[in-house]
Amino acid sequence: MVRTIVQDRPTRTLPANCDVAILGAGMAGMATAARLQAQGMATVVLEAHGHAGGCAGYYRRRGFSFDVGATTLVDFEPGGVGAELLASVGMPMPDAEALPGYVAWLPDRVVTLYRDRAAWHAERLRALGDTTNHRAFWAFLDRLASVFWAASRDGVRLPVRRLDDAAHNLRAIGLRNLPLARHATTTLGDALRRYGLRDDAPVVGLLSMLVEDTVHSTVDRAPLINSALGVTIRGAGLSRASGGMRGFWRPFVDHYRRLGGDLRTNCPVERVDGTAGAFLVHTRRGVLNAAQVVSALPASSTARLCAATEERLAPYLRRDSDALGGALVVALGVPECEVDGQAFTHHQLLQDYGRPLGDGTNMFVSVSAPGDTESAPPGHRAVMVSTHTELASWEGLGAEAYEARKQEMSDRLIGLARRVYPMLGEHAVVREIGTPRTYGRYALRPRGAVGGVRQTPANANQHAVPHDLGVPGFWQVGDSTWPGLGTVACVVGSRIVAARALRSGRRVR
Ligand SMILES: Cc1cc2nc3c(=O)[nH]c(=O)nc-3n(C[C@H](O)[C@H](O)[C@H](O)COP(=O)(O)OP(=O)(O)OC[C@H]3O[C@@H](n4cnc5c(N)ncnc54)[C@H](O)[C@@H]3O)c2cc1C
């Protein structure tokens, strides 16, 4: 997959200085920058690529707009985490379709993951079993999800580093719900065992798919609270902007610039040195002086570019070096008739209850909405098929072996997606595949790893990479810090980091 590099602003000299330099214009970087700019701080975002978006970005090809990673906006409806971001920067919600849910295709049955609570409660009992244990397990998961979604929306802060974090979290979770925090050290597998459901293949199969996508982990390793949030993510509201992620980024970047923010694209950061009040951010286009720095790059990139953080990040990077994963995405531009016949536009497929997930065993199919001519020319639709993959299986391949593997995986993913859309890809106008090499090249993700670490109780929440690395005036945000994977997690992190940078900026002034 080749992403078109569009220089959306003519090159200008960097300003001499700013209050906060933000490294990287993915969801985490742009959300943090917009919040700070809206509060009157002078921000500059430095982005290596030709436009904003990173792993939640897009590329255009032959009249289609394809999402390169995230295809949905999570929790952007009133009261949600995303809605709070838009409200805090004074931006209206872009034109978007609220998804009524999506369909999970298990090996032996189909389950509709309705957004509507009552419909979902009925569906899970109908499709997955209606015993006392099933009911008790789902009720327990619902309780966790409701308490911790509310806490996330209230801005809970992890890892706890200071007394005021603990006090703030206590308020966000509520004294009454505090006993639930003991589940922070247990896994989803533990909960399934407690309710006698660990060997229930359809329940475990469905949960496995959902936690792999949201927590990047298996049921026996995934932290329980994070899993409860991940499993209920569609209840938090998924929407797809008209034009896909491009339909989100264009108004968001315009709004940031109207606030006075300065986004510099095609401007890779090469080194950061200096100290609070006087950081020097070296880029290919000159040096920027910044009172504070927010790195919205993967933690390993931060450690490489900013020597002051290297030692502090090293234990986390060593611990998590085997917990990274990659993704494959097939982008298809197809005639409308190839995606006819389904009420929902988003589908998740599990091929086998017994096999490890990835490389198509668990995959996601997203189709642009009918009539969304920002995503596809009239009479056509943009389709993204994605799955997880092991990084090692793409490393060290020669050119020929790499091309052959791309072809094999693209055929396999399209073939598997034909369970939902039998004619998919037969007359594709565009057919391209992105691999870990693509993410390495176009989003500068080290080794092409995407989506943060595979979470376990030992590396998540209180053990996650902190936003405050202990270097005054320097902050880390994005999917390698708490809460982790996903655009909604990046937005939660941006709120915490913006609040800290704002407070610290006021102190300096
Ligand atoms: C296939 C796939 C499907 C996904 N699906 C979903 C989904 O449905 N819902 C969801 O919520 N999430 C999803 N995600 C996850 C989500 O996209 C990411 O977790 C999130 O976008 C990460 O944002 P970020 O800002 O932390 O990092 P990034 O998006 O990686 O942003 C970092 C930015 O920094 C830039 N950069 C890197 N190095 C430098 C440098 N030296 N100088 C300047 N700039 C630099 C990069 O170009 C990039 O723009 C998916 C991810 C993938 C890969």
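User: Happy to look at this one together! How many helices and strands make up the secondary structure of the protein?

Analyst: Glad to help. This is a predicted model, and its secondary structure comes to 14 helices and 19 strands.

User: What makes the protein as compact as a globular protein of its length?

Analyst: Set the value against the rule. The globule rule is 2.2 Å times the number of residues to the power 0.38, and for 509 residues that gives 23 Å. The radius of gyration of the protein is 22 Å, close to that figure, so the protein is as compact as a globular protein of that length. Along the principal axes, the C-alpha atoms fill a box of roughly 60 × 55 × 45 Å.

User: What share of the residues is called buried?

Analyst: A residue counts as buried if 20 or more other C-beta atoms lie within 10 Å of its own. By that test, 54% of the 509 residues are buried. As for contacts with a separation of 6 or more, 73% of them come from residues 24 or more positions apart.

User: Which domains is the protein divided into?

Analyst: There are domain 1 (17-60 + 81-94 + 245-322 + 456-508), domain 2 (118-233) and domain 3 (325-448). The contact between domain 1 and domain 3 takes eight residues from domain 1 and seven residues from domain 3. On the domain 1 side, three of these residues are nonpolar, five are polar and none is charged.

User: Why is the ligand said to lie between two domains?

Analyst: Domain 1 and domain 3 both give residues to the shell around the ligand, so the ligand lies between them.

User: Nice. Which residues come nearest to the ligand?

Analyst: Of the 39 residues around the ligand, the nearest are Gly24, Gly26, Gly54, Gly69 and Gly478. Helix H1 (27-38), strand S14 (326-335) and helix H14 (487-508) are the elements that give two or more residues to this shell. By class, the shell has 22 nonpolar, 14 polar and three charged residues.

User: How do you know that the buried residues of helix H2 line one face?

Analyst: Start with the list: in H2 (residues 81-89), the buried residues are Val81, Gly82, Glu84, Leu85 and Val89. Seen down the axis of H2, these buried residues fall within an arc of 160 degrees, so they line one face of the helix. The general rule helps here: an α-helix has 3.6 residues a turn, so residues three or four places apart point the same way.

User: And what phi does glycine 90 take, just after H2?

Analyst: Glycine 90 takes a positive phi of about 75 degrees.

Technical notes: Residues numbered from 1 in each chain as written. Predicted model: local features only at pLDDT ≥ 70, side-chain atom pairs only at ≥ 80, totals over all residues. Helix = DSSP H or I, 4+ residues; strand = E, 2+ residues; numbered from the N terminus. Buried ≥ 20, exposed ≤ 12 C-beta atoms within 10 Å, placed from the backbone. Contact = placed C-beta atoms within 7 Å. Domains from an automatic or database assignment. Nonpolar A, V, L, I, M, F, W, Y, C, P; charged D, E, K, R; others polar. Near = placed C-beta within 6 Å. Arc of directions from axis to C-beta.
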